[in-house]
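The following exercises train the reading of a protein model. Work through each task before consulting its solution.

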Amino acid sequence: MSSTDQGAPAVSIDRPEDLGDRTAPDTARGYRGEGHDRPVLTIDDFSVEYKGERVVKAVRNVTLSLGRGEILGLAGESGCGKSTLAYGINRLLKPPAVITGGSAHFHSREGYVIDLNELSGEELRAFRWDKIAMVFQGAMNSLNPVITIQRQMEDIFSTHRPDMSKKDRRVKCGDLLERVGVDRARLRSFPHELSGGMRQRVMIAMAMALDPQVMIMDEPTTALDVVVQREILREITRLRADLGFAVIFITHDLPLLLEISDRIAVMREGEIVELGDAVELYTNPQHEYTRKLLASFPSLTGERGDFIRGGSRAQNGEPA
Ligand SMILES: Nc1ncnc2c1ncn2[C@@H]1O[C@H](COP(=O)(O)OP(=O)(O)OP(=O)(O)O)[C@@H](O)[C@H]1O
């Protein structure tokens, strides 16, 4: 799916000229941060504070890049700042949160770069669905209980792709559902008629609707049982391979991250203490805290963790 298939969005951010001086040619090829040669997202020296009665430095000078099509895992125990970083990148933080420093840049497929700091209002809203989509832990509960899945999905297209015909919208919504393993007949259902796993799949389908280049997934499967969790994770890795979007996958579940991530960033007290290739991080952790975190998961002890072995065998079609 390309954004041009659906006509012009309410605010186009596919062409740099639509954003005037808020874009620049992409010079990220020479980017010196961590990671890939062709990043889709670069975050530099990014800091966030909650300026309540007590000031909390939730994110401290984070620098990282997300490669095109990469799955980057963000690990760390509860309260280390993972969600604050994700929401901060996407400018979704609410007071008393304040971005106190740094920047986040989106590098488009089309070869220009957007400083997320410079976007506001309508542009920011369009950007969020179009370029960076988010799926949160409780997302499945944010579906409106009295509106059918179809109407909720179609709303995305009527808002962002107003020129798309009703018929095309309908077909598209059915296609999206099938892509995440839900029968298109479910379009007529109300959210309460679907299981938790199905509702979360619907949310993933909705996040994919406008063909974003980045998905930020914050504990997207935590509320689900382990079997459903694994099915959905397999789906996400398959979709990433098919569609080429990059993923920032946030969870405190390190074994799970080791299974699906290309690289992992380990966060502690607002800082990234280690960032590296997932296998390297597992076999040769550099930071004391990473070692501690790995040791806190019994399934990761031994030559290679049971969880990982099960996962890679299953991916190869062998019994786990
Ligand atoms: N609205 C808020 N006001 C004040 N402090 C906050 C607020 N939201 C989060 N914090 C603090 O910011 C820090 C980072 O929280 P954050 O939710 O980003 O961590 P996390 O790693 O995502 O945790 P979890 O895995 O539990 O979701 C924590 O110390 C938290 O208490």
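**Exercise 1.** In this predicted model, determine how strand β8 is joined to strand β9, and place the two strands within their sheet.

*Solution.* Step 1: strand β8 covers residues 214-218 and strand β9 covers residues 246-250. Step 2: the two strands run parallel and are joined by five bridges. One residue pair illustrates the link: Asp218 has Ile250 in β9 as its bridge partner. Step 3: the open sheet consists of six strands with mixed pairing, and its order is β7-β8-β9-β4-β10-β11. Step 4: β7 (132-136) and β11 (271-277) are the edge strands, each pairing on one side only. Step 5: on average, and with direction ignored, neighbouring strands of the sheet are turned by 15° against each other.

**Exercise 2.** Identify the strands touched by helix α5 and those across which helix α9 lies.

*Solution.* Step 1: helix α5 (residues 196-208) packs on the sheet and touches β7 and β8. The direction of α5 makes about 170° with that of β7. Step 2: helix α9 (residues 288-295) lies across β4 (71-75), β10 (263-268) and β11. Relative to β10, helix α9 runs at about 100°.

**Exercise 3.** Describe the packing of helix α3 against helix α4.

*Solution.* Step 1: α3 spans residues 149-160 and α4 spans residues 166-179; they pack at an angle of about 120°, and their axes are 10 Å apart. Step 2: the crossing is right-handed. Step 3: from α3, the residues Gln150, Met153, Glu154, Phe157 and Ser158 meet Arg169, Lys172, Cys173 and Leu176 of α4. Step 4: sorted by character, the residues of this contact comprise four nonpolar, two polar and three charged.

**Exercise 4.** Is Thr148 buried, exposed or partly exposed, and why?

*Solution.* Step 1: locate Thr148 in the loop between β7 and α3. Step 2: count its C-beta neighbours inside 10 Å, which gives 17. Step 3: compare this count with the cut-offs, namely 20 or more for buried and 12 or fewer for exposed. Because the count is 17, Thr148 is partly exposed. Step 4: beyond four places in sequence, Thr148 touches Leu187, Arg188, Ser189 and Phe190. The C-alpha atoms of Thr148 and Ser189 are separated by 5.5 Å, although the two residues are 41 residues apart along the chain.

**Exercise 5.** Which residues come nearest to the ligand, and how is its shell composed?

*Solution.* Step 1: 14 residues surround the ligand, and Tyr50, Ala58, Ser78, Ser83 and Thr84 come nearest. Step 2: β3 (55-67) and α1 (82-89) each supply at least two residues of the shell. The largest share, three residues, comes from α1. Step 3: the shell contains five nonpolar, eight polar and one charged residue.

Conventions
Residues are numbered from 1 along each chain as its sequence is written. This is a predicted model: local features need pLDDT of at least 70, side-chain atom pairs count only at pLDDT 80 or more; totals for chains, interfaces and linings use all residues. A residue is near a molecule or strand if its C-beta atom, placed from the backbone, lies within 6 Å of it. Helices (H or I, at least four residues) and strands (E, at least two) are DSSP runs, numbered from the N terminus. Ala, Val, Leu, Ile, Met, Phe, Trp, Tyr, Cys and Pro count as nonpolar, Asp, Glu, Lys and Arg as charged, and the others, Gly among them, as polar. Axes are lines fitted to C-alpha atoms, for helices over the stretch in contact, and angles run from 0 to 180 degrees between N-to-C directions. A crossing is left-handed if the near helix is turned anticlockwise from the far one by less than a right angle, and right-handed if clockwise. Two residues are in contact if their C-beta atoms, placed from the backbone, lie within 7 Å. Two strands pair if DSSP finds at least two bridges between them.
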